[in-house]
Amino acid sequence: MARIEEFHGFNGGIQRLHGPVVCGYRSFAVDGRVIVQLDTYGSPERKIPNKVSQSIQLDVKGARELIDILLEVFPELGH
């Protein structure tokens, strides 16, 4: 599990589309800070299907930064 503190753009590397999985989300508060957690679940082909595979957490600062990135990459979201 990881709580994202900041984002850095990078270019290069292998660019391929990964297989589809389900992502669950939930929010909770810790010491007055709201956190959103995204959990991806393993594909049906994995040894333990539907087990949480990866988790990331964002606070409001990280969420704002991610929104900015998404609006830059997908300008049509901004209408």
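This dialogue reads a few features of a predicted model, beginning with its sheet.

Q: In what order do the 4 strands of the open sheet lie?

A: Strands (E) are DSSP runs of at least two residues and helices (H or I) of at least four, numbered from the N terminus, and two strands pair if DSSP finds at least two bridges between them. Here the order is E1-E4-E3-E2, with mixed pairing. Strand E1 (2-3) and strand E2 (23-30) stand at the edges, each with a single partner strand, so one side of each has no neighbour in the sheet. Strand E3 (residues 33-41) and strand E4 (residues 52-58) pair in the antiparallel sense over 6 bridges, and Thr40 stands opposite Gln54 in E4.

Q: Which residue caps the N-terminal end of H1?

A: The cap is Asp59, in the loop between E4 and H1, where a side-chain oxygen lies 3.2 Å from the backbone nitrogen of Lys61. The side chain of Asp59 also reaches the backbone nitrogen of Gly62 at 3.0 Å.

Q: Is Asp59 buried or exposed?

A: Buried means under 20% relative accessible area, exposed over 50%, and partly exposed in between (1.4 Å probe, protein chains only). Asp59 is buried, because its relative accessible area is 15%, whereas Leu77, in the segment after helix H1 (60-73), counts as partly exposed because its relative accessibility is 49%.

Q: How should the numbering and the values be read?

A: Residues are numbered from 1 along each chain as its sequence is written, and side-chain values use heavy atoms, leaving out hydrogens and water. In this predicted model, local features need pLDDT of at least 70 and side-chain atom pairs count only at pLDDT 80 or more, while totals for chains, interfaces and linings use all residues.

How values were computed: A polar contact is a pair of N or O atoms within 3.5 Å; within protein, one must be able to donate a hydrogen and the other to accept it, and residues adjacent in sequence count only if both atoms are side-chain atoms.
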